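Trainee: I've got a new structure open and I'd like to learn how to read it. Could you walk me through it, one feature at a time?

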Amino acid sequence: MNTHESTSRADTEANGAAVIAKRVDSGVPDTSEIIDLARASGYTIAGVITQTRTADPALQLGEGKAKELAQLVRETDAETVIFDNRLGPYQTYNLGQLLPDGVEVMDRFTLILEIFGQRAQTRKAQLQVELAELRYELPRAEAKVSLAKRDEHPGFMGLGEYDESRERDIKAQISRINDELAQIEQTEEQRRERRRDSGFDLVALAGYTNAGKSTLLRRMARDIDVDENEDLHPDLDATAESQDKLFTTLGTTTRRADIEPRNVLLTDTVGFISNLPHWLVESFKSTLDSVYRADLVLLVVDVSEPIEDIHEKLVTSHDTLYERNEAPIVTVLNKTDQISEAELDEKRNALSALAPDPVAVSAQTGSNIDALLDRIDDELPDWETERLVVPMTDDTMSLVSWIHDHATVDDVTYGEADVAISFEARPEIISRARSRASELQATA
């Protein structure tokens, strides 16, 4: 099965016009995701060409279809060809030989890295993008050596000029970036522990890109500053961007949730995307640490998608999350405003094995958000009740004030020589309060 579609070049965006190409072994090629990715990176889609057949080792597409691709590029004046398949370095080179001069060839992974590079704002995100790019380039550096030995021209079509020291440079840069990312992760882990010590529950939003995680974060967050103590939590953002486009969140965005009396921090993370190679997932695994080390994970899915797509994404998400995650996972069926009640019930039943007790919401309209907040409260560790009696010393009021800040105080009774305080809090907070009370008693 072959298709060839041409579209008009109306308003060329930042990256110019691109032709999309995709080959599948069987079935009908679906180009919707790669088109969305290309548009997210600023390309105008000039045409689409697909083929159903086994991969050609030299060109990915069959020779005739590759020539058809080259003709479509000439007809549309496209500047870029984007394959939804993964291209080897030799396939990239051979395709470049067929295309007009100056036309760039990239595959889905190069495109994703380009998007990541455009969206990377923090030092951590920039390092992760650089790491992924280097891991992608490493096998291509080896190909350049082979092409150079054959007196080919590896600089043609994006393979880069041959440099025998490049492979060593790449490995050295990968090592340097890994070291710096490890230092950043150590700092972030210390920050997470300080937040837990301060009485915060940590909830992470996970799921595929464009599932509505950022919109959901904004809907659940309080309309106040995330934390009054900027010195302790300088990374907490007051806003989370919400757009109907892929990868609006590349780093992590954290806001405080409106779940009284708890202190809950919600973290929005980079979205999953299908068919990512291991080296790319590995490059961004430190971003997922905020998911793996949370007290609760909200797995957000777009319930308006076809059941088959949702099922596949849930399976992949579970594989990723259960690899290292120990926290409970609650599936959130988002975008209920885009489907009927009957369709929602049908999908809920069809997905019951993967999502046995989901919460259905619309982050866009706010529908059922209160039920989700209640569910978060139920799933997080239970608070405990404590009553402490401490002697009246110079530091007693400091402890009473600290308990007010980190717990829900039920009663404070001041006697002549002591203070009795009853409160509810996370187990960690109660443990710290007991420890401080023991210190006061020892001092007295």
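Mentor: Sure, let's start with salt bridges. A salt bridge here is a side-chain nitrogen of Lys or Arg within 4 Å of a carboxyl oxygen of Asp or Glu. Keep in mind that this is a predicted model. By that rule, the count comes to 16 salt bridges.

Trainee: Let me try one. How far apart are the closest N and O atoms of Asp84 and Lys22?

Mentor: They are 3.1 Å apart, and the two residues form a salt bridge. The pair links distant parts of the chain: Lys22 belongs to strand β2 (residues 16-24), while Asp84 sits in the loop between β4 (80-83) and α3 (89-98), 62 residues apart.

Trainee: Are Asp84 and Lys22 buried or exposed?

Mentor: Both are buried. They also belong to something bigger than a pair: a network of salt bridges links Lys22, Glu33, Asp84 and Arg108.

Trainee: Where do Lys65 and Glu68 lie?

Mentor: Both are in helix α2 (residues 63-76), 3 residues apart, which is about one turn of the helix. Their side chains meet in a salt bridge, at 3.2 Å from N to O.

Trainee: Why does Lys65 count as buried, and why is Glu68 called partly exposed?

Mentor: Go by relative accessible area: under 20% is buried, over 50% is exposed, and partly exposed is in between. Lys65 counts as buried because its relative accessibility is 6%. Glu68 has a relative accessible area of 26%, so it is partly exposed.

Trainee: And which residue forms a salt bridge with Asp302?

Mentor: Lys335, with the closest N and O atoms 3.3 Å apart. Here too the pair links distant parts of the chain, 33 residues apart, with Asp302 in strand β9 and Lys335 in the loop between β10 and α11 (341-350). Asp302 and Lys335 are both buried.

Trainee: Now the strands. How should I read a sheet?

Mentor: Strands of a sheet pair through backbone hydrogen bonds, either parallel or antiparallel. In this model, one open sheet has 6 strands in the order β7-β8-β6-β9-β10-β11, with mixed pairing. Its edge strands are β7 and β11 (359-360), each pairing on one side only.

Trainee: How do β7 and β8 run relative to each other?

Mentor: They run antiparallel, with 4 bridges joining β7 to strand β8 (residues 263-268). Together they form a hairpin, with 6 residues between the two strands. For a landmark, find Thr254: its bridge partner in β8 is Thr267.

Trainee: Which way do the side chains of β7 point?

Mentor: In β7 (residues 253-256), Thr253 and Arg255 point one way, Thr254 and Arg256 point the other way, and all of them are buried.

Trainee: What about the β11 end, how many bridges are there between β10 and β11?

Mentor: There are 2, and strand β10 (residues 329-334) pairs with β11 in the parallel sense. Val332 has Val359 as its bridge partner in β11. Then look for helix α12 (residues 369-379), which lies across β6 (200-207), β9 (296-302), β10 and β11, running at about 145° to β9.

Trainee: Last one: which residues form a nonpolar patch on the surface?

Mentor: Met392, Met397 and Tyr414, with about 300 Å² of accessible area together. Met397 is in helix α13 (residues 396-406), and its relative accessible area of 39% makes it partly exposed. For the protein overall, buried residues make up 51% of the 444 residues.

Definitions and conventions: Residues are numbered from 1 along each chain as its sequence is written. This is a predicted model: local features need pLDDT of at least 70, side-chain atom pairs count only at pLDDT 80 or more; totals for chains, interfaces and linings use all residues. Side-chain values use heavy atoms; hydrogens and water are left out. Buried means under 20% relative accessible area, exposed over 50%, partly exposed in between (1.4 Å probe, protein chains only). Two strands pair if DSSP finds at least two bridges between them. Contact means heavy atoms within 4.5 Å. Axes are lines fitted to C-alpha atoms, for helices over the stretch in contact, and angles run from 0 to 180 degrees between N-to-C directions. Patches are made of residues with over 30% relative accessible area and no salt bridge: like charges are joined within 9 Å, nonpolar side chains (Val, Leu, Ile, Met, Phe, Trp, Tyr) within 5 Å. Accessible areas come from the Shrake-Rupley method with a 1.4 Å probe; for residues, only the protein chains shown count as cover.
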